[in-house]
Amino acid sequence: MRFLRAPEYPLADPLLPDGSRGDPIEPPRTPWRLLAWLASRNKGLAVAALITSGIALGSLPVLPYFLTGAVDNGLREHDWGALAFWAGGMVLAGFATAGMIVWSHRLTVYWRMDASYRTLQLATRKVNRLGDELRRKVTTGEVVSVGATDINRISWAVDSLSPTAGCVIGLIAVGVLLFNTSVALGLTIFIGVFVVGLVTGPVLNKLQDRQEAYRERVGDITGRASDIVSGLRVLRGIGGEARFTASYRQDSEALREAGYKVAAPQAWLNALGEGTPAILLGVVIWIAARQVASGDLTPGQMVAAFGYTSALLLPVHWLIGCTYRIIEGRVAAGKVCELLNTPERDAPAEILPGPAAGAELHDPESGLTIAGGELLAVASADSEQVARVFDRLGGYERSEARFGDVPVAGLDRDELHRRVLVADHDAYLFAGTLAAAIGARDGRDRVDTAIEAASAADVVESLPHGLDTELDNQARTLSGGQRQRLRLARAVAAAPEALLLHEPTSAVDSHTEARIVDRLAETRSGLATAVATTSPLWLGRADRVAFVQGGKVTATGTHHELAAEHPDYRALVSREEA
C-alpha cells in the first residue's frame with residue numbers, strides 16, 4: 001500500500017470561536033503532559049469552564065444555608081415575612097445555580113470538542129508525515145483504535161476536568177460551612193473524605209493497569225478484524241475462513257476477560273461514590289441530633305447540616321465518575337503518544353533540484369538501472385526483492401539510489417512521487433466515485449485513456465452509473481482482477497515519468513493480460529516503465545529484461561537472449577509458461 005504524503009506545513013491551532021488562530025504546535029510526548037497540554041491550549045475557554053463549574057457545584061451546598069434562616073428566623077419565631085424572605089432567597093439561589101450548571105455544561109462541551117479536534121489534528125498530521133512508513137511501523141489496529149476510541153476518551157477526560165474542579169470546591173464548601181456550624185461536624189466531613197481518598201488511591205492504580213491491558217486487547221482484536229475483512233476473499237479461497245474465525249473468537253474471549261477485570265475496580269469506585277455520602281450523612285445527622293439535644297445546635301442548624309451533607313451526594317458521585325474518565329483518558333493519551341513518538345524518516349539536509357526529464361533511475365545496491373523511455377521487465381524468483389528495489393528507487397527507503405545525477409534521498413518528496421510512481425498490485429482504493437478513484441481531477445480524457453490501457457472498459461460498463469458509480473473502501477464489490485485493473489488505470493492516469501509496477505496483472509487471465517501489455521506499451525511510449533513480473537507476455541514485449549537473484553541484477557538482455565544463455569532464468573520462465 002502506498003500513501004500520498006501531504007505537504008508538511010506547520011500545523012496551527014484550529015480556529016477559535018473568535019476567529020483567531022494559535023501558533024504552530026509541538027505537543028508533549030508523555031500521557032499526563034499531553035492531556036494537560038490539550039486541556040490548556042484554549043486557555044480562555046478552559047478558565048471559563050472551570051470558573052462556571054466551580055460556581056455551579058460549589059454553590060449547591062450553600063442552598064441549605066437558607067434553610068437555617070427559614071427555620072430559625074421564620075418558623076421558630078412565627079415571622080412569616082422572614083420565612084418568605086429566606087424561602088424566596090433559596091428559590092432565587094436555586095434558579096441561579098441551575099442556570100450556571102447549564103452554562104458550565106455548555107462551555108465544557110466546547111472544551112471537550114476543542115480537545116477532540118486538536119487530538120485528531122495531531123494524529124492526522126503524524127499519519128501524513130509517516131506516509132508509506134505507517135504500514136511498516138504501526139499496526140492497522142492501533143491506528144483504527146486511536147481514531148475510533150482514544151480520541152473520544154481523551155475528549156471525555158478533558159470534559160471531566162471542570163466538574164472535577166467544581167466537585168472539589170463543593171466538598172471544601174461543605175466542610176467550611178459545617179465547621180462554621182460545628183467543629184465536630186466539619187472534622188467528620190474532612191476525616192471521611194481523607195479516608196475515602198486513602199481507599200480510592202490503590203483502586204485507581206489497579207484500574208489504570210487493567211484499563212491499559214484492556215486497551216492493548218482492543219488494539220489487537222481491531223487489527224485482526226481489519227486483516228480478516230481485507231483478506232476475506234483470499235481466506236475463503238484457501239479454506240482459511242474457519243481457522244481465522246476461531247482465532248478471532250479466542251481474541252474476543254480474551255478481550256471480554258480483560259473487560260471483566262476492568263469492571264471490578266470500577267464497581268468498587270461506584271460503590272464508594274454511592275456509599276460514602278450515605279455513611280457520612282448518617283454520622284453527621286447522629287452528631288447533629290445529639291448536639292441539638294444538648295442545646296449546642298438549633299433545629300435550623302441541624303436541618304442545614306443535613307442539607308450540607310446531602311449536597312455531597314452529587315459532587316462525590318460525579319467525582320468518582322470523572323476520576324474513572326480521566327484514567328481512561330490517560331490510557332488513551334498513552335496510545336496517542338505511542339503514535340506521535342513513532343520515528344519518521346529523516347528529512348534531507350538540503351532539497352536538491354530534480355534532474356531533467358527523461359533521466360534514468362539507478363539503484364547501486366542491486367545494480368538495476370531504468371532508462372528513460374524504455375519498458376523494462378524485472379524478473380526474479382523472489383518478487384519481494386524487486387519490491388524493495390522499487391521502494392528504494394521511489395524514495396520509500398533510505399538508500400543511495402539516484403535519479404539522473406541527483407540522489408533520490410535529496411529530492412523534494414512531493415516532486416519525487418509526482419515523477420516516480422511505485423504502484424503495488426494491492427494499493428488501497430479509497431471510497432468515492434470510480435472517476436475520483438482513478439483520477440478525475442486530471443481530466444476525463446486522461447481517465448478514459450488509462451481505462452483503455454488497463455483493459456478496464458468492461459469494468460466501467462458493468463457498473464450501474466459507469467464512472468460516476470460510488471464504490472466503498474477497497475471496492476470490495478468488485479472481483480480481484482477488476483480491482484487490479486482499476487489500480488493499474490489509476491497509476492497510468494497519473495502519467496509519471498517513471499512508473500514502477502509490481503505484478504500488475506497477477507489476477508487477470510492471459511487474454512486480458514496480453515491486451516494490457518500491448519496497450520500499456522503503446523500508452524507509455526517515451527516514458528520509463530518497469531514491471532516486476534515473470535510473465536512471458538511482459539518479458540517478451542519488454543525492451544529489456546533484468547534478471548534479479550539474491551537482490552542483485554545478474555543479467556540483462558532481451559527475453560530470448562536470457563532464455564538462451566541463462567539456465568536459472570529459463571527455469572524460472574518455463575515454470576511460468578507451464
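Let's start with strands S9 and S10. S9, residues 498–502, pairs with S10 in the parallel sense, over five bridges. To place the register: Ala 498 has Ala 528 in S10 as its bridge partner. Between the two strands, the chain goes from S9 through H19 to S10. That β-α-β crossover is right-handed. Keep in mind that this is a predicted model.

S10 has another partner. Strand S3, residues 375–380, is joined to S10 by four bridges, and the two run parallel. Here Leu 375 stands opposite Thr 529 in S10. A reminder on pairing: strands of a sheet pair through backbone hydrogen bonds, either parallel or antiparallel.

Now, how covered is S10? The strand spans residues 528–532, and five of its five residues are buried. Which way do the side chains point? Ala 528, Ala 530 and Ala 532 point one way from S10. Thr 529 and Val 531 point the other way. All of them are buried. In a regular strand the side chains alternate between the two faces of the sheet.

Next, back to H19, the crossover helix. H19 covers residues 510–523, and H16, residues 444–453, packs with it. Their axes are 8 Å apart, at an angle of about 140°. That angle makes H16 oblique to H19, because the roughly antiparallel class takes only angles over 145 degrees.

Which residues make the contact? From H16, Thr 449, Glu 452 and Ala 453. From H19, Ile 516, Arg 519, Leu 520 and Thr 523. By type, the residues of this contact divide into three nonpolar, two polar and two charged.

Last topic: the antiparallel sheet. This one is an open sheet of four strands, and the order is S2-S1-S4-S5. Which strands sit at the edges? S2, residues 368–370, and S5, residues 406–407; each pairs on one side only. S5 is joined to S4, residues 402–403, by two bridges, and they run antiparallel. In that pair, Arg 402 has Pro 407 in S5 as its bridge partner.

A helix packs on this sheet as well. Helix H13, residues 383–393, touches strand S1, residues 361–363, and S2. The direction of H13 makes about 120° with that of S1.

To recap. S10 pairs in parallel with S9 and also runs parallel to S3. H19 links S9 to S10 and packs against H16. The four-stranded open sheet is antiparallel, and H13 packs on it.

Terms used: Residues numbered from 1 in each chain as written. Predicted model: local features only at pLDDT ≥ 70, side-chain atom pairs only at ≥ 80, totals over all residues. Heavy atoms only, no water. Axes fitted to C-alpha atoms, helices over the stretch in contact; angles between N-to-C directions. Parallel < 35°, antiparallel > 145°, perpendicular 65-115°, else oblique. Contact = heavy atoms within 4.5 Å. Nonpolar A, V, L, I, M, F, W, Y, C, P; charged D, E, K, R; others polar. Buried < 20%, exposed > 50% of the residue type's maximum accessible area, 1.4 Å probe, protein only. Pairing = 2+ DSSP bridges. Right-handed = clockwise from strand over helix to strand, strands pointing away.
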